[in-house]
Amino acid sequence: MPPVPGWVLLSSGCAPVLLIAGWVVAASLEGPAYDPATQTISVLAAHGAPGYWVMTGAFLALGACHLLTAWGLRAAAPAGRVALAGGGLAALVVALFPTPSSGGSLHHGSVVVVGFVLLAVWPVLAAGGGDVPWALRPAPSAAAAAVMVVGALWFLVEVHRDGVAGVAERAVTLAQSLWPFVVAASCLRRPGDRDEPPA
C-alpha cells in the first residue's frame with residue numbers, strides 16, 4: 001500500500017498547472033501594458049487589474065491544493081506537513097490582501113514573505129530517515145530547499161535593482177509549487193517495494 005492516497009498526486013499536480021494557467025491568462029487579459037519579465041504576479045491580482053479575478057482564483061486554488069496535499073502526505077514528517085499547509089494558507093491570505101493598483105502593501109508583502117519562507121523550509125522539515133521515499137530523504141530535501149532559497153534571494157536582488165523580478169518570482173514559485181508533486185510521486189511507491197508473484 002502506498003504511503004499516500006492517490007488523490008494527493010492530483011492535488012499536488014494541479015498546483016503548478018493552475019498557478020501557471022492563472023498567470024498566463026491574467027497576463028493576456030492585462031495586455032501589452034504588463035511586462036511579465038519585470039512585473040510580479042501580484043500585479044496581475046491588484047485591485048482593478050483586468051485579470052484580477054483570474055489571478056485571485058489561481059492563488060485560492062494554489063492554497064487549496066497545498067492544504068489538501070499537506071493533509072494527505074502521510075509519509076512526510078508532521079513539521080513539514082504543517083509548513084506546507086502554512087504555505088497554502090499564505091496563498092489564500094494573499095488573495096485576501098491583494099496589492100493596491102499603485103504602490104505597495106505591507107499586509108500583502110508580509111504574507112508573501114511568510115509564504116515564501118514556509119514553502120522554502122517545508123522540504124527539510126518533511127524529511128525523514130530510514131526507509132522513506134527518495135524525495136523525503138535528507139539530501140534531496142535539502143537540495144530542493146536550497147534551490148527555493150536561492151530563487152527567493154534572486155527575486156529580492158531583481159526587485160532591488162529593478163531587474164527581471166517577474167522571471168525570478170515565476171521561477172521560485174514554480175519550484176515551490178512543483179516540489180509537493182515530486183514528493184507525492186515519489187511516495188506512490190516506496191523504495192523497498194517489489195512486484196511479488198501471487199502466492
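Histidine 66 has 1% relative accessibility and therefore counts as buried. In this predicted model, histidine 66 belongs to helix α3. Leaving aside residues up to four places away in sequence, the contacts of histidine 66 are Ala15, Leu84, Gly88, Leu119, Gln176, Ser177 and Pro180. One of these partners, Leu119, is also a member of a nonpolar core of 21 residues.

The interior may be considered next. Nonpolar side chains in soluble globular proteins tend to be buried together. Here the largest nonpolar core comprises 27 residues, and Trp23, Leu44, Met55, Phe59 and Phe116 have the most contacts inside it. At least two residues of this core come from each of α1, α2 (41-44), α3 (52-72), α4 (78-96), α5 (106-126), α6 (138-160) and α7. Helix α3 gives the most, with 6 residues. Apart from this core lies another, of 21 residues, which includes Ala85, Leu119, Ala120 and Val183.

Tryptophan 23 offers a closer view of the largest core. Not counting residues up to four places away in sequence, tryptophan 23 touches Ile41, Leu44, Met55, Arg170 and Thr173. Two of these partners, Leu44 and Met55, are themselves listed with tryptophan 23 among the residues with the most contacts inside the core.

Nonpolar side chains also appear at the surface. Ile20, Val24, Val25, Leu29, Trp53, Leu174, Leu178 and Phe181 make a nonpolar surface patch of about 670 Å². Both α1 (7-30) and α7 (165-187) supply at least two residues of the patch, and α1 gives the most, with 4 residues. Helices α1 and α7 each also supply at least two residues of the largest core.

Within the patch, phenylalanine 181 lies in helix α7. Its relative accessibility is 31%, so phenylalanine 181 counts as partly exposed. The limits that apply are under 20% for buried and over 50% for exposed, with partly exposed in between. Membership of a patch requires over 30% relative accessible area.

The last stop is the loop between α6 and α7, where aspartate 162 is placed. With a relative accessibility of 69%, aspartate 162 counts as exposed, whereas histidine 66, at 1%, counts as buried. The backbone of aspartate 162 is also notable for its phi, which is near 55°, a positive value in a residue other than glycine. Most residues other than glycine have a negative phi.

Terms used:
Residues are numbered from 1 along each chain as its sequence is written. This is a predicted model: local features need pLDDT of at least 70, side-chain atom pairs count only at pLDDT 80 or more; totals for chains, interfaces and linings use all residues. Side-chain values use heavy atoms; hydrogens and water are left out. Patches are made of residues with over 30% relative accessible area and no salt bridge: like charges are joined within 9 Å, nonpolar side chains (Val, Leu, Ile, Met, Phe, Trp, Tyr) within 5 Å. Accessible areas come from the Shrake-Rupley method with a 1.4 Å probe; for residues, only the protein chains shown count as cover. A salt bridge is a side-chain nitrogen of Lys or Arg within 4 Å of a carboxyl oxygen of Asp or Glu. Buried means under 20% relative accessible area, exposed over 50%, partly exposed in between (1.4 Å probe, protein chains only). A nonpolar core is a set of buried Ala, Val, Leu, Ile, Met, Phe, Trp, Tyr and Cys residues joined through side-chain atoms within 4.5 Å. Contact means heavy atoms within 4.5 Å.
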